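Below are my notes on the model, set out as numbered points. They take the pockets before the helix packing.

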Amino acid sequence: MTALTVLAADTPSLVQSVDWLAIAPVVITAVVGLVVLVADLFVAERHKPALGWISVAGLAAATATLLPLRAGDRSTFCLTADPEACSYVADHFTVVVQFLVLAGALLTALLSVTAVRDARMPAGEYWFLLLSSAAGAALLPASRDLATLIVALEVASLPAFALVGMRRGDRLSSEAALKFFLSSVTATAVSLMGISFVYAVTGSLHLTQVADRLEDVPGQLDTLAMAGVALTLVGFAFKTAAVPFHFWVPDTYVGAPLPIAGYLSVIGKAVGFTGLILVTVIAFPAYSQVWGPAVAVLAALTMTLGNAAAVRQSADRPNSAVRLLAWSSVGQAGYLLVPIAAAAYTERDQIGSTLAYALMYAAVNLGAFAVAALVARTKPLHRISDYRGLYTERPLAALSLAFFLLCLAGLPPGIIGLFAKVTVFQSAVDAGLGWLAVLMAINVVIALYYYLRWTALLFRAPEGALDAQARSKAPWPVAAAIVATAITAVVLSGAPQLVLRVASGSLFTQ
């Protein structure tokens, strides 16, 4: 009996404490999703719109729980033998990305309230899938082991496949969902193979332990480690829509309900960039000579091909507006990759420029999709030419869209877009990637063409007389989304330091 007592005293406890406040944003989002799914079974059809408002309230509550976490000093699910190795860390990086994800999902939910009703999509399934995807996206930036990282990636992705194909009976929607699913699953399988290689070399899945053990890899395992690092990046590169993993983007955006296209353009990209940052700058700094040049080449190819394809969009082609936003998002992804590549040559704090740019991009791109959702109510072909004379029909929507496009272009009065591009450009210069900085400058000039062309079209005289439907009142949830994004873009342009301070200082506690 005495021996058992001594043995029990010497054995470390395997019971982990849980910091419920740290995981509150993810838990609230997931629980509300389950509540909506169960409530859908008992709510009468005429009361189904209430599920949307429950989802909006849940996302607002989850976003509000980030306020107590702003100190960025919490962690949970840590190893008892190594308290520094934690599976969930709520540092500044996590809080910033979770704010981007949850606020973006909240705006998507506002746009979806009207879309679900008008398109007669199944409300319970739609809101459950959206909240599930948002919960996975919110979990991913806090994940500090490769297993949790992949689980979060799939929880964010799998519901998105179903959301893309939610318009039943629509051929484009079904094709888009299938293409998105098959290509994403393939990319994830490749990443899982890479993670298995990394685990074989290091014997650990925790990012901090992986980083330490990759510093001293035996010579016979070096090739296996390099292969693991390269393959792990594939799945996250797919989510960022980096070339050559971008081919799913245009068709998926066209086939998806418009709010979901906006969601994928912002939250989907946030998932990819977050995972890419975590595995490169935290787990694989010892192999920066492998992923650094690879990410730099991906950035160059992505921004160039994305902008070149956006320039080629014909204004009169059906879905040209959505395709332009899709290709524009590919080009913007190239800019977002630049600081990650720069982190391989300097310090990991360079990735603050990526987060600063992502915050600006999220606000203005969701705003552009919100205006597109408004215009699509009377002009469902989604052509760029449908926006001609929008200022005459809806002056506030036209001014908002013009401001969003100028922010994306980096032109005054869209000051926040200009400053965000400067921080990204500076990160490349500081890292000695002069060629990438020059290429970025060229692509910014190319992008001016299609952004300014669309902006000018808003203020031209409309063709023909306007009908009463074109002047109809906008649904207030859509109007609220446009107003919220417009105010955010204006405030950030007036006080860019609110976002740009993310680009300076340390974002990681571990």
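1. The largest pocket in this predicted model holds about 850 Å³ of space. Its lining comprises 27 residues, and those closest to the pocket centre are Val96, Phe99, Leu100, Leu359 and Val499.

2. Four helices each give two or more residues to the lining of the largest pocket: H4 (92-118), H14 (352-375), H19 (476-494) and H20 (497-500). The most comes from H4, which supplies ten residues. Sorted by class, this lining has 20 nonpolar, five polar and two charged residues.

3. For the second largest pocket, the volume is about 530 Å³. Here 24 residues form the lining, with Ala115, Arg167, Leu258, Ala376 and His382 the closest to the centre. Two or more lining residues come from each of H4, helix H10 (249-255), H11 and H14.

4. H4 also gives the most to the lining of the second largest pocket, with four residues. The class count for this lining is 17 nonpolar, three polar and four charged residues. H4 and H14 are thus worth viewing with both pockets in mind: they are among the elements listed for the largest pocket and among those listed for the second largest pocket.

5. On helix packing, how are H2 and H3 set against each other, and at what angle? Helix H2 (residues 24-39) packs on helix H3 (residues 49-64) at an angle of about 170°, and the two axes lie 9 Å apart. Angles over 145 degrees count as roughly antiparallel, so H2 is roughly antiparallel to H3.

6. The H2 side of this contact consists of Pro25, Ile28, Thr29, Val32, Val36 and Ala39. On the H3 side, the residues met are Leu51, Ile54, Ser55, Gly58, Leu59, Ala61 and Ala62. By class, the contact of H2 with H3 contains ten nonpolar and three polar residues, and no charged ones. As background to the spacing in such lists, an α-helix has 3.6 residues a turn, so residues three or four places apart point the same way.

7. Which residues of helix H8 are buried? In H8 (residues 207-214) they are Leu207, Gln209, Val210, Ala211 and Leu214. These buried residues pack against four helices, namely H6 (146-164), H7 (171-202), H9 (222-239) and H11 (258-283). H11 is also one of the elements that give two or more residues to the lining of the second largest pocket.

Note on methods. Residues numbered from 1 in each chain as written. Predicted model: local features only at pLDDT ≥ 70, side-chain atom pairs only at ≥ 80, totals over all residues. Heavy atoms only, no water. Axes fitted to C-alpha atoms, helices over the stretch in contact; angles between N-to-C directions. Parallel < 35°, antiparallel > 145°, perpendicular 65-115°, else oblique. Contact = heavy atoms within 4.5 Å. Nonpolar A, V, L, I, M, F, W, Y, C, P; charged D, E, K, R; others polar. Buried < 20%, exposed > 50% of the residue type's maximum accessible area, 1.4 Å probe, protein only. 1 Å grid on protein atoms, 1.4 Å probe; cavity = no way out; pocket = protein on both sides within 12 Å on 5 of 7 lines; lining within 4 Å. Points joined across faces, edges and corners; volume = space filled by probe spheres on them.
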